[in-house]
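Welcome! Please take a moment to look over the sequence and the 3D view before reading on.

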Amino acid sequence: ITEAQGDFNKAYELDPKNKEVISQLTTLTFDNRQFQKAIDFAQKCSSCENASRVLGMSYYNLEDYGKAEKYLKEALAKNDKDAEAAYTLGRTYLELEDEQSAIAQFQKAVESEPTRSQWLYELGLIYYNQNDFKNSLKYFDLAAANGYNKTNDFYENYGFAQVYSGDSENGIKTLNILMERKPNNKELLNNIAHALYDTKKYNEALDYFTKILNLNPNDATTL
């Protein structure tokens with residue numbers, strides 16, 4: 001507990017109906033990630049400007065996604081430029097398995113804050129899971145341009161998005177970078193081979209199936 005929160009806690013004990021004290025404690029408990037306390041204070045301060053936002057963000061962090069959706073929508077109705085609220089509502093929709101609504105909120109978030117590389121990458125992943133590989137590549141590129149760290153997962157998702165979008169030549173180049181970092185990884189080789197097969201690149205697929213058999217000549221699935 002910060003010194004400021006301690007002081008306001010004392011003030012609250014003396015005057016539990018003081019709206020200014022309740023407002024300050026709503027913000028302080030939320031900022032200190034005391035989410036249940038933040039909810040308790042926000043519920044006592046319905047007239048507070050940030051009450052809906054605090055409730056929505058706190059319920060999200062407590063994994064109560066139904067209530068998070070309700071209050072985040074209220075918060076965005078008051079301030080549709082709140083990028084953090086839009087992003088969190090997008091994450092909420094992912095938990096509720098509503099990817100189309102999630103995309104709409106992620107797009108709002110990155111329009112307001114277009115340099116948030118993590119958000120851009122996550123939006124790319126949502127498009128990837130929707131099999132919209134061209135849009136996934138668009139947001140992967142934007143994420144990288146804004147400093148997103150090119151991890152093994154990044155190269156894997158980017159490379160397969162290239163393959164499935166029809167750019168198998170560059171997709172193989174990207175995935176070969178990953179193979180250099182994870183040499184002889186059978187699962188990766190198998191996924192590359194099947195991606196090429198699925199996109200009717202049969203000669204290239206055969207090369208990777210052959211590599212798998214060189215590592216394990218008795219691989220029944222590959223045979």
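Which residues of the largest nonpolar core touch the most other members? They are L123, F140, F160, I192, L196 and Y208, out of the 59 residues that make up this core. Please keep in mind as you explore that this is a predicted model.

**The nonpolar cores**

Helix α8 gives the largest share of the core that holds L123 and F140, with 7 residues. Apart from this core lies another one, of 7 residues, and V21, L25, C45 and A51 are among them. To get a feel for the larger core, try clicking on Y208: setting aside residues up to four places away in sequence, Y208 touches I172, N176, L189, I192, A193 and L196. Two of these names, I192 and L196, also appear in the list of residues that touch the most other core members.

**A pair of packed helices**

Now turn to helix α9, which covers residues 133-145, and helix α10, which covers residues 152-164. These two helices pack at an angle of about 145°, and their axes lie 9 Å apart. The crossing of α9 and α10 is left-handed. On the α9 side, the contact is made by F133, S136, L137, F140, D141 and A144. On the α10 side, the residues are F154, N157, Y158, A161, Q162 and Y164. Sorted by class, the contact of α9 with α10 has 8 nonpolar, 3 polar and 1 charged residues. F140 is a good one to highlight, as this residue takes part in the helix contact and is also listed among the residues that touch the most other members of the largest core.

Y164, in helix α10, is worth a closer look. Is Y164 buried or exposed, or something in between? Y164 is partly exposed, because its relative accessible area is 31%, and that value falls between the 20% and 50% cut-offs. Leaving aside neighbours within four places in sequence, Y164 is in contact with F133, A195, D198 and T199. The C-alpha atoms of Y164 and L196 are separated by 8.3 Å, although these residues are 32 apart along the chain.

**Salt bridges**

How many salt bridges does the structure hold? There are 5. Three of them are set out here, with the N to O distance for each pair.

| Lys or Arg | Asp or Glu | N to O distance |
|---|---|---|
| R53 | D82 | 2.6 Å |
| K67 | D64 | 3.9 Å |
| R116 | E84 | 3.1 Å |

The pair of R53 and D82 links distant parts of the chain, 29 residues apart. R53 belongs to helix α4 (residues 51-61), while D82 sits in the loop between α5 (65-78) and α6 (83-95). R53 counts as partly exposed, at 25% relative accessibility. D82 counts as buried, because its relative accessibility of 11% is under the 20% cut-off.

For the pair of K67 and D64, each partner is partly exposed: K67 has a relative accessible area of 39%, and D64 has 29%.

What does the pair of R116 and E84 tie together? R116 lies in the loop between α7 (99-112) and α8 (117-129) and E84 lies in helix α6, so the bridge joins parts that are 32 residues apart in sequence. R116 is partly exposed at 29% relative accessibility, and E84 is partly exposed too, with a relative accessible area of 28%. Through salt bridges that share partners, E84, E113 and R116 form one network.

**Two buried residues to visit**

A83 is placed in helix α6. A83 counts as buried, at 4% relative accessibility. Apart from neighbours within four places in sequence, A83 is in contact with A109, S112, E113 and W119. E113 may look familiar, as this residue belongs to the salt-bridge network with E84 and R116. For a sense of distance across the model, the C-alpha atoms of A83 and G159 are separated by 29 Å, with their positions 76 residues apart along the chain.

E122 has its place in helix α8. What is the relative accessible area of E122? The value is 11%, so E122 is buried. Leaving aside neighbours within four places in sequence, E122 is in contact with Y87, R91 and F106.

Terms used: Residues are numbered from 1 along each chain as its sequence is written. This is a predicted model: local features need pLDDT of at least 70, side-chain atom pairs count only at pLDDT 80 or more; totals for chains, interfaces and linings use all residues. Side-chain values use heavy atoms; hydrogens and water are left out. Axes are lines fitted to C-alpha atoms, for helices over the stretch in contact, and angles run from 0 to 180 degrees between N-to-C directions. Helices (H or I, at least four residues) and strands (E, at least two) are DSSP runs, numbered from the N terminus. A crossing is left-handed if the near helix is turned anticlockwise from the far one by less than a right angle, and right-handed if clockwise. Contact means heavy atoms within 4.5 Å. Ala, Val, Leu, Ile, Met, Phe, Trp, Tyr, Cys and Pro count as nonpolar, Asp, Glu, Lys and Arg as charged, and the others, Gly among them, as polar. A salt bridge is a side-chain nitrogen of Lys or Arg within 4 Å of a carboxyl oxygen of Asp or Glu. Buried means under 20% relative accessible area, exposed over 50%, partly exposed in between (1.4 Å probe, protein chains only). A nonpolar core is a set of buried Ala, Val, Leu, Ile, Met, Phe, Trp, Tyr and Cys residues joined through side-chain atoms within 4.5 Å.
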